[in-house]
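Please read the points below alongside the model; they concern how its helices and strands are arranged. Each point can be checked on its own.

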Amino acid sequence: MTTSLERRTTDLPPLTPRLRRLLKHPRLMHYNRLWALVLLANGGFLWAGWTPTTRTMGHAALANLALAVLVRQQYVINLFFRLATWAPTSWPLKVRWTLGKVYHFGGLHVGGALAGTAWFLAATISTHNTRQSTVGWTLLALLAFIIATALPPFRSRHHDHFEKIHRFGGWTALALFWTHTLLSSPGPVEVSVLAVVTFSVALPWLRLRKVAVRLERPSPHVVLARFDHGETPFAGSSTAISRTPLKEWHSFANVPAPGEPGFRLTISRAGDWTGAFIDDLPEKVWVKGITTAGVANIETLFTKVVYVATGSGIGPCLPHLLAAEVPSRLVWATRDPRATYGDALVDEILAVQPDALVWDTSRHGKPDMVRLAYEAYRDFGAEAVICISNKKLTWQVVHGLERRGIPAYGAIWDS
């Protein structure tokens, strides 16, 4: 099926001036600006004439590493989104455009980790305590390994290994940091900060449980997972599930139905784990932590938005379309939608989005998504475009529109 296919080709608006366009380049995105800002702030303290001692360098390391951990805490993430989306739609669009980039907060994690490791290196070099020095160099070697394996070339090619190294390496680093701190006769501040960091890391695991799941497989490409274990998450949040909780976790957008308990997840075949999940349907899966806000939550900053999705990217869009908190229009490109996702899901989408453009790629090939997104943005009078797709296409749409002066948002694959 394909809806609303009859249209004339539209010219895209002109590019913005060179300097403004440069600021929209992916290399200068807010994520990179944030980690650079953290490093500059640390450099600023040093440049201002502060003469650090071993103890103050240790404090700086602790403060930065605490920042790196806490900004990934689920309650903190939800707080970031709540504060950013608190702005009313009467505020200038430029301000709301920037606030909508709240999901780039991972730059604080990177900046804190790099600065904290640098401070800890300086503190370890200056220490004369043999036992502290031994623990310090062991911890530094571990931190360097964690940072190296978190760089995009390794993380994108070996994501499962990256997750395990980050998880077990992070726990070990925290234990070594406790050991190093206790060897230095710490004050109440150091112990309190480490206790908060430890509680933050442990909290999601204190909520670990195995729950029943009902699965419906409309096609060999997709499974619809239904949960009803006493939680109805808010629209636009995500839940991480696992079959082996110490090895790997996978997050999917929650799709709660208005007025009904529980929620659904749309899981499509996109790798070994999802493929095995679809082929061998489990009766129970592990869940942990709390539901966490996702990119599309920034919709409330705008009077109207366009959702652009490909394939199972419809999953994160669907709860917002059903909730209809903000007027929206959908552009969805996918192969044979009814055969892939089932009549029930497609009818549910069209019931709330009768003017949606649903492009069947199996009949009409892959469309120019930037052009389709712009046409919907222009015709609907929207203020922003939210794209949920694979990495390559998300960058094409977000960068392709922002360099033409149109606010656009999409995942940045930083975790």
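1. Helix α17 (residues 391-402) lies across β9, β12 and β13 and runs at about 160 degrees to β13. Helices (H or I, at least four residues) and strands (E, at least two) are DSSP runs numbered from the N terminus, and angles, which run from 0 to 180 degrees, are taken between N-to-C directions of axes that are lines fitted to C-alpha atoms, for helices over the stretch in contact. Helix α12 (residues 314-323) lies across β9, β10 and β12 (384-388), at about 150 degrees to β9.

2. This is a predicted model, in which local features need pLDDT of at least 70 and side-chain atom pairs count only at pLDDT 80 or more, while totals for chains, interfaces and linings use all residues. Residues are numbered from 1 along each chain as its sequence is written, and side-chain values use heavy atoms, with hydrogens and water left out.

3. The sheet under α12 and α17 deserves a description of its own. Five strands form this open sheet in the order β11-β10-β9-β12-β13, with parallel pairing, where two strands pair if DSSP finds at least two bridges between them. The edges are β11 (357-360) and β13 (408-410), each of which has a single partner strand, so one side of each is left without a neighbour in the sheet. On average, neighbouring strands here are turned by 15 degrees against each other, direction ignored. Within the sheet, strand β9 (residues 305-310) pairs with strand β10 (residues 328-334) in the parallel sense over six bridges, and Ala-309 stands opposite Trp-332 in β10.

4. A second open sheet is built from three strands in the order β2-β3-β6, with antiparallel pairing. Its edge strands are β2 (214-219) and β6 (263-268), each pairing on one side only, and the twist averages 20 degrees from one strand to the next. Helix α11 (residues 272-279) packs on this sheet and touches β2, β3 and β6, its direction making about 115 degrees with that of β6; contact, throughout this note, means heavy atoms within 4.5 Å. Four bridges join β2 to strand β3 (residues 222-227) in the antiparallel sense, and Ser-219 stands opposite Val-222 in β3.

5. Helix α2 (residues 30-47) packs against helix α6 (residues 106-126) at an angle of about 35 degrees, with the axes 6 Å apart. The crossing of α2 past α6 is right-handed, that is, the near helix is turned clockwise from the far one by less than a right angle, whereas anticlockwise would make it left-handed. Among the residues in contact are Trp-35 and Leu-39 of α2 and Gly-107, Gly-111 and Trp-119 of α6. The contact of α2 with α6 divides into 11 nonpolar, five polar and no charged residues, where Ala, Val, Leu, Ile, Met, Phe, Trp, Tyr, Cys and Pro count as nonpolar, Asp, Glu, Lys and Arg as charged, and the others, Gly among them, as polar.

6. For helix α3 (residues 54-70) and helix α10 (residues 188-206), the packing angle is about 20 degrees and the axes are 10 Å apart. That makes α3 roughly parallel to α10, the word being used for angles under 35 degrees, with over 145 counted as roughly antiparallel, 65 to 115 as roughly perpendicular and the rest as oblique. Here α3 passes α10 in a left-handed crossing, and the residues of their contact divide into nine nonpolar, two polar and two charged.
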